[in-house]
Amino acid sequence: MRDWADKCALYRYRCAHCGKETRNPDKGHMDPNKGAGIDNLIPLCPECNNWASDDVIFGTDGRIVAVLSERFLKAAPPEVLRRIRAWLGGQGL
Ligand SMILES: [Zn+2]
């Protein structure tokens, strides 16, 4: 992976999390505790990048693999909460 343009092309100019087409995606950090190197960036639409903030860790496929803060649960769209509940097998949230 050479640069941001290559990364955006890899994701076909879609948000890595929700799949929405976005020609100018935000540079989302997969792990907010790591730097802004190309290996730690994924394209996110502004909405997903905004609610994710520094509160979750994304996998390379754009799925949430870890939650770092309870704050994001209050700000997450209902669809995100539904996915999390399904992922947890309907337990917890
Ligand atoms: Zn999105």
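Guide: Let's start with a term: helices (H or I, at least four residues) and strands (E, at least two) are DSSP runs, numbered from the N terminus. Also keep in mind that you're looking at a predicted model.

Visitor: Okay, then where does Ser53 lie?

Guide: Take strand S3, which covers residues 56-58. Ser53 sits in the loop that runs between this strand and its partner in the naming, so with H and S numbered from the N terminus you can read the place as the loop between H2 and S3.

Visitor: Is Ser53 buried, partly exposed or exposed?

Guide: Buried needs under 20% relative accessible area and exposed needs over 50%. Ser53 has 40% relative accessibility. That value falls in between, so Ser53 counts as partly exposed.

Visitor: What's the phi of Ser53?

Guide: Most residues other than glycine have a negative phi. Ser53 isn't a glycine, yet its phi is positive. The value is near 45 degrees.

Visitor: Which residue in the loop between H1 and S1 also has a positive phi?

Guide: Look in that loop for a residue with phi near 55 degrees, again a positive value outside glycine. This residue has 63% relative accessibility, and exposed means over 50%, so it counts as exposed. The one you want is Arg12.

Visitor: On to the metal: which residues are the protein donors of the zinc ion?

Guide: Each donor is an SG atom lying 2.3 Å from the zinc ion. Along the chain, the donors follow the spacing C-x2-C-x26-C-x2-C. Put names to that pattern and you get Cys15, Cys18, Cys45 and Cys48.

Visitor: How many residues apart are Cys15 and Cys45?

Guide: Cys15 belongs to the loop between helix H1 (4-10) and strand S1 (26-29). Cys45 is in the loop between strand S2 (41-44) and helix H2 (46-52). Both cysteines are buried, and this pair links distant parts of the chain, 30 residues apart.

Visitor: Is the site of the zinc ion tetrahedral or irregular?

Guide: Ideal angles for four tetrahedral donors are 109.5 degrees. In this model, the angles among the four donor atoms run from 103 to 113 degrees. Four donors pass the test if all angles lie between 85 and 135 degrees, so this site is tetrahedral.

Visitor: How are the rings of Trp51 and Phe58 arranged?

Guide: The count of aromatic pairs comes to one. In that pair, the centres of Trp51 and Phe58 are 6.4 Å apart, with 65 degrees between the planes. Planes over 60 degrees apart get a name of their own, so the pair is edge-to-face.

Visitor: Are Trp51 and Phe58 buried or exposed?

Guide: Trp51 has a relative accessible area of 6%, and Phe58 has 4%. Buried means under 20%, so Trp51 and Phe58 both count as buried.

Visitor: Which helix gives the most to the lining of the largest pocket?

Guide: The largest pocket has a volume of about 260 Å³. Its lining includes Val80, Arg83, Ile84 and Trp87. The helix that gives the most spans residues 78-87 and brings four residues, and its name is H4.

Visitor: How many of the lining residues are charged?

Guide: The lining of the largest pocket has five nonpolar and two polar residues. Asp and Arg count as charged, and the lining includes Asp61, Arg63 and Arg83, so the charged residues number three.

Visitor: How far apart are the C-alpha atoms of Asp55 and Pro32?

Guide: Asp55 is in the loop between H2 and S3, and at 9% relative accessibility it counts as buried. Along the sequence, Asp55 and Pro32 are 23 residues apart. In space, C-alpha to C-alpha, the separation is 7.7 Å.

Visitor: And what separates the C-alpha atoms of Ile38 and Leu88?

Guide: Ile38 is in the loop between S1 and S2, and with a relative accessible area of 22% it is partly exposed. Ile38 and Leu88 are 50 residues apart along the chain. Their C-alpha atoms are separated by 30 Å.

Visitor: Last one: what is the relative accessible area of Phe72?

Guide: Phe72 is found in helix H3, residues 71-75. The C-alpha atoms of Phe72 and Asn49 are separated by 11 Å. Phe72 is buried, with a relative accessible area of 0%.

Key. Residues numbered from 1 in each chain as written. Predicted model: local features only at pLDDT ≥ 70, side-chain atom pairs only at ≥ 80, totals over all residues. Heavy atoms only, no water. 1 Å grid on protein atoms, 1.4 Å probe; cavity = no way out; pocket = protein on both sides within 12 Å on 5 of 7 lines; lining within 4 Å. Points joined across faces, edges and corners; volume = space filled by probe spheres on them. Donors = N, O, S within 2.8 Å, 3.2 Å for Na, K, Ca; no water. Tetrahedral: all angles 85-135°; square planar, octahedral: opposite > 155°, others 65-115°. Buried < 20%, exposed > 50% of the residue type's maximum accessible area, 1.4 Å probe, protein only. Phe/Tyr/Trp six-rings, centres within 6.5 Å; stacked < 30°, edge-to-face > 60°.
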